[in-house]
Amino acid sequence: MKYDVIVIGAGSAGGTMATRLSEDPNRSVLLLEAGPDYPDLEQLPDDLKFGYAPTASEMGAPHNWSFVGTGTPRQAEPVAVPRGRVVGGTSAINGQVFLRGVPEDYDRWASWGNDEWSYINVLPFFRKLETDTDIRDDFHGFDGPIPVRRHKREAWLPLQEAFHEACLDGGYAEVYDHNHPDSTGVGPFPMNNPNEQLGRLGIRVVKDAPGVGKNLRDHPLVPVRVRVKDDFPLDPAAPRIQTVLRYTANGSDARNDMQIFPSSFSTPLGGDPFAEEGIRMTCMMELAQSAGELTLQSTDPDVQPHIDCRYLEAPWDRERMRESVRIVLKMLEHDAFKDIYDGLISPAEADLVSDDALDDWMLREVCIGQHLSGTCKMGPASDPTAVVDQRCRVHGIEGLRVADASVMPDVIRANTNCTTIMIGERVANWIAEG
Ligand SMILES: Cc1cc2nc3c(=O)[nH]c(=O)nc-3n(C[C@H](O)[C@H](O)[C@H](O)COP(=O)(O)OP(=O)(O)OC[C@H]3O[C@@H](n4cnc5c(N)ncnc54)[C@H](O)[C@@H]3O)c2cc1C
């Protein structure tokens, strides 16, 4: 059997591409996926259907590749690297935040020789992929396949309210629409959950592309773990994440290069997702200077690659992360937290005595941001580190494209799913045009 297009991997980008390309009955499309398919809601297992509890992304969970990587040299244990193995890919096990990057992210991609990816060029595809159920304007879609909504104010849990109040008092702007190009400040996350439910190895080299595996980008995060008062309600099944603060670090020229968001329920790190610990305030770096690397360990596709994240390697990353932790600590002293906050679980007092002590704590505690990207970056052929051109065609190989989160030349200042789906939309469009 011959196919016009073969898509490997039914994840955020691959699933989108196969869907769009098969809209034309005259085009044959083969979609190959390593994990199972659940074609309707009845057959969908609970861990994939109810996204609030992170059971689907636990190590060893049935739809998780359960990779491991190296976070920083100071960590004794490897970091867990969950990736979805199911039709839907990682978007089937993710946190359902549906945030776009800031326009400058895409304009930076364009400035590196990929003019097709400027914000003005990608906006129609962001609109095409979604139906925003809250907002109708030039920046949002209203007839696309993915529903986008925000948790209504009356449904915010008490921690989210306290966080919001403390941020406003801290001088941050109030934002309702974080997908608006100008947004910065605190407000509800846009979500895509449905309304209230749910060579060295002897491999023959076909093309030497030295950029493959380099430029591993992510949003490293440092969790501040907080004990709560005895009578403060903790519900493991409630939405953990509802609001977010996006802000610019002191001295940074990159808008919204940092995020802080509160989790209304937290568990010991890496432990049982229903075991209660308190709450968590997460400091997340949206535009890290440090980049990691992904290298093959074997020719066997079942052996995972070595994933070296190199989080917080750059002093500038540590400086911004220290500031973020200190913003959280100050925020916890705000009156809005007086019925919630009962002391820190981590960091301990000794971790806060100096910049060095705090760095040491951060380098031990830093976690994966789940937004791995960049290891097959797009760029012109004149860039020796570029793996694909701006239409995602592999340089020097006819008929082969890479279209997923790995083609981002740098990670965007937002969670990656929405942009990855947009990449799938764009590439499908180019293939369809011929
Ligand atoms: C725990 C977690 C939470 C996250 N939360 C969010 C969030 O809230 N918001 C957000 O925007 N982003 C989030 N992300 C990130 C986001 O989901 C990913 O960036 C995005 O889904 C990546 O899409 P992709 O198409 O690049 O890859 P994937 O969606 O991972 O697709 C790759 C597909 O290829 C398949 N595959 C791999 N190898 C083979 C093979 N050899 N043969 C056949 N098939 C194969 C895989 O099984 C998978 O289905 C999260 C990620 C994780 C892990």
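Here is a friendly exchange between two colleagues about the predicted model above.

Modeller: Before we start, this is a predicted model in which local features need pLDDT of at least 70 and side-chain atom pairs count only at pLDDT 80 or more, while totals for chains, interfaces and linings use all residues. Residues are numbered from 1 along each chain as its sequence is written, and side-chain values use heavy atoms, with hydrogens and water left out.

Colleague: Thanks! In which sense do strand 1 and strand 2 pair, and what handedness does the crossover have?

Modeller: Strands here are DSSP runs of E with at least two residues, helices are runs of H or I with at least four, and both are numbered from the N terminus. Two strands pair if DSSP finds at least two bridges between them, and strand 1 (residues 5-8) with strand 2 (residues 29-32) has 4 bridges in the parallel sense. The chain crosses from strand 1 to strand 2 through helix 1 (residues 12-21). With the strands pointing away from the viewer, a clockwise path from the first strand over the helix to the second is called right-handed, and this β-α-β crossover is right-handed.

Colleague: Which side chains of strand 1 are buried?

Modeller: In a regular strand the side chains alternate between the two faces of the sheet. Buried means under 20% relative accessible area, exposed over 50% and partly exposed in between, with a 1.4 Å probe and protein chains only. Ile6 and Ile8 point to one face and are not buried, while the other face has the buried pair, Val5 and Val7.

Colleague: Moving on to helix 5, how far does it reach from its first C-alpha to its last?

Modeller: Helix 5 covers residues 158-169, which is 12 residues. The expected span is 1.5 Å times one less than the number of residues. That gives 16 Å for helix 5, and the model comes close to it at 17 Å.

Colleague: Which helix is included in what covers the buried residues of helix 5?

Modeller: The buried residues of helix 5 include Leu159, Phe163 and Cys167. Strands in the cover include strand 7 (185-188), strand 10 (243-247), strand 11 (258-266) and strand 12 (278-285). The helix included is helix 6 (315-331).

Colleague: Why is Cys283 in no disulfide?

Modeller: A disulfide is a pair of cysteine sulfur atoms within 2.5 Å, and the structure holds 0 of them. Cys283 is buried, with a relative accessible area of 0%. Its sulfur is too far for a bond because the closest cysteine sulfur, in Cys367, is at 11 Å.

Colleague: And how far apart in space are His219 and Gly369?

Modeller: His219 sits in the loop between strand 8 (190-191) and strand 9 (221-228), and counts as buried at 0% relative accessibility. Contact means heavy atoms within 4.5 Å, and, not counting residues up to four places away in sequence, His219 touches Gly369 and His371, among others. His219 and Gly369 are 150 residues apart in sequence, yet their C-alpha to C-alpha distance is 4.6 Å.

Colleague: Last one: is Gly95 buried, exposed or partly exposed?

Modeller: An unreviewed UniProt entry gives the annotation "binding site" to residues including Asn94 and Gly95; such positions follow the numbering used here, feature names are shortened, and annotations may be inferred rather than shown by experiment. Gly95 lies in the loop between strand 4 and helix 3. At 47% relative accessibility, Gly95 counts as partly exposed.
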